[in-house]
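Let's take a friendly walk through this structure, starting with a pocket and then moving on to a sheet and its helices.

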Amino acid sequence: MRIQMKKWKFMIGVTLMSLSLLGCAKTNQPSSPEVTKNAQTVTIGYTQFPINIDPADEYNGWFTIRYGVGETLFKMNDQLEPEPWLAEKMEQTSQLEWKITLRNDVTFQNGEKMTGAKVESSLKRLIEKSKRAAADLGIESIHSEGQTVTIKTKSEQPIMKNLLAEPYSVIVDVDGKSASDKAPVGTGPFLIKTYTPETGATLEAYSNYWGGKAKVAQVKIKYFSDPTAISAALQSKEVDAVYGLPYANLASFKKDNHYKISEKEGGRYLSYVYNFEDPYIADDQFRQALDTLVDKKTYTESLFKGAAVPATGPFPSSSDFALDKSVHEFNVEKAKKLLDEAGYKDTDGDGYREKDGKKVTIELLSFTRLPEMPLAIEASQQQLKEVGIEAKIRKVEVSAVATEKDYAFTPYAVVAAPIGDPYAYFNSAVKTGGVGNIGHYSNAEADQKIEALATETDQKKRIQLSKDIQALVDKDYGYTIIGFYKVAIVMDKSISHLESHPTDYYHVTNKLSKE
């Protein structure tokens, strides 16, 4: 087995080397003639680009904030604690009521003042349009007067500030008209001028931004569907900075003094999500065998080149909410034994297992949300083959993953607690029927504890409930959380004040500059 293990580790290494060479192959290409040499323009390359940046649409609010277009009432600091942003303060006036006092100097990008009435309309639109936000916030009514907004909830809401810092809570002018129907009218330092889902966006500095006009006149967002091309684009100066660079290429930029890197320890993890509607996955022993085949240590070291650590659960060990110990273990012989005991055996000697006379074949999804994801899936395919399970890989678009049905497991990348609290994650990704529960996991006891967490005000009890929920999912082998990786923005040395953040969504600000 040691020889087989070396084989798939070697396979990852060779693929990573190829990826690195692909990224460097174009380093001598001339700059695109369309590149703006004016220091007043900063071009940023991304390997993610949504169909729109309406904050109430799916998770698109992350990009509304990343691009400096929108802002929320509160903002998470580096310690993941909520601080005032568009709000001056918030007071809890009764068990179910909150009074928010707004800043008096904020205007939307169409010149309209941000008033209580505008914020009321924005929040009402949010809970009407987003099931996820409506479920998290639990708002019964919203009223405004002057520069104050009063929110009444259906039950106790211990993390209202945190939820109002969630990207779906970006405040927009509901009646405003943007230059593009793909973007809202926000309050941020940059407004959208053009937005083309297949290629990118052009943003212009908003001259009356309440925090002071941006230091650069224009920001261009360039989308790269091929992650191997983004390194070459940075080296050829087609872009000034990139987010989503393959980790196989990161080391070369770290050694080159023409570039600088903003890298933060965060809560973004790589996982395998199991599809419980698949008959094989529904078998507890089969699913446990799959989890037991995942070598978290080798995956994180090989795929992320030292920029990741193995995970115990969905929250990093530095978090108060982190799971102390996992039932997971990497043990190939144990995986074989589990499969044997569950009746998955090779009875015809062809090297593959059968169950009830039928060859066991499962389907794995692959997509390039991260360039490391296909590599992980290919390694898993090899591991499965070595224990007698045929796994076929089906490539899909990242936007289609949530609606896919016919597969066994898929890679997935998530930040579980970007707002400093685990409730929203559990309610979305773990609870039965949760909008982010793409694998259809269900545990009645976990559901009860998630419901208790929704209204629990005692922080120590919130921490214990969080650990209890994770322990239940862990015991069920509901997910395999592989590892946490650092999020990095790599940029030309001429760029300043473009920084990574533990939340992974505060990027472009009015301080962004280019020498």
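## A pocket between two domains

In this predicted model, the second largest pocket takes at least three lining residues from each of two domains: domain 1 (41-258 + 493-514) and domain 2 (267-486). Its volume is about 750 Å³.

Which residues lie nearest the centre of this pocket? They are Leu80, Pro316, Ser318, Ser319 and Asp320, out of a lining of 40 residues. By character, the lining splits into 19 nonpolar, 13 polar and 8 charged residues. Strand E14 (308-310) and helix H14 (459-476) each contribute at least two residues to the lining, and H14 gives the largest share, with 3 residues.

## The seven-stranded sheet

Now to the sheet. Seven strands form an open sheet with mixed pairing, in the order E8-E9-E10-E1-E11-E21-E12. At the edges sit strand E8 (190-196) and strand E12 (259-264), each paired on one side only. Neighbouring strands are turned against each other by 20 degrees on average, direction ignored.

Strands of a sheet pair through backbone hydrogen bonds, in either a parallel or an antiparallel sense. Strand E1 (residues 41-46) and strand E11 (residues 241-243) are a parallel pair, joined over 3 bridges. Within this pair, Ile44 has Ala241 of E11 as its bridge partner.

## Helices on the sheet

Helix H6 (residues 227-235) packs on the sheet, where it touches E1, E11, E12 and strand E21 (487-492). The direction of H6 makes about 165 degrees with that of E11.

Helix H7 (residues 247-255) lies across E12 and E21, and H7 runs at about 125 degrees to E12.

Technical notes:
Residues numbered from 1 in each chain as written. Predicted model: local features only at pLDDT ≥ 70, side-chain atom pairs only at ≥ 80, totals over all residues. Heavy atoms only, no water. Pairing = 2+ DSSP bridges. Helix = DSSP H or I, 4+ residues; strand = E, 2+ residues; numbered from the N terminus. Axes fitted to C-alpha atoms, helices over the stretch in contact; angles between N-to-C directions. Contact = heavy atoms within 4.5 Å. 1 Å grid on protein atoms, 1.4 Å probe; cavity = no way out; pocket = protein on both sides within 12 Å on 5 of 7 lines; lining within 4 Å. Points joined across faces, edges and corners; volume = space filled by probe spheres on them. Nonpolar A, V, L, I, M, F, W, Y, C, P; charged D, E, K, R; others polar. Domains from an automatic or database assignment.
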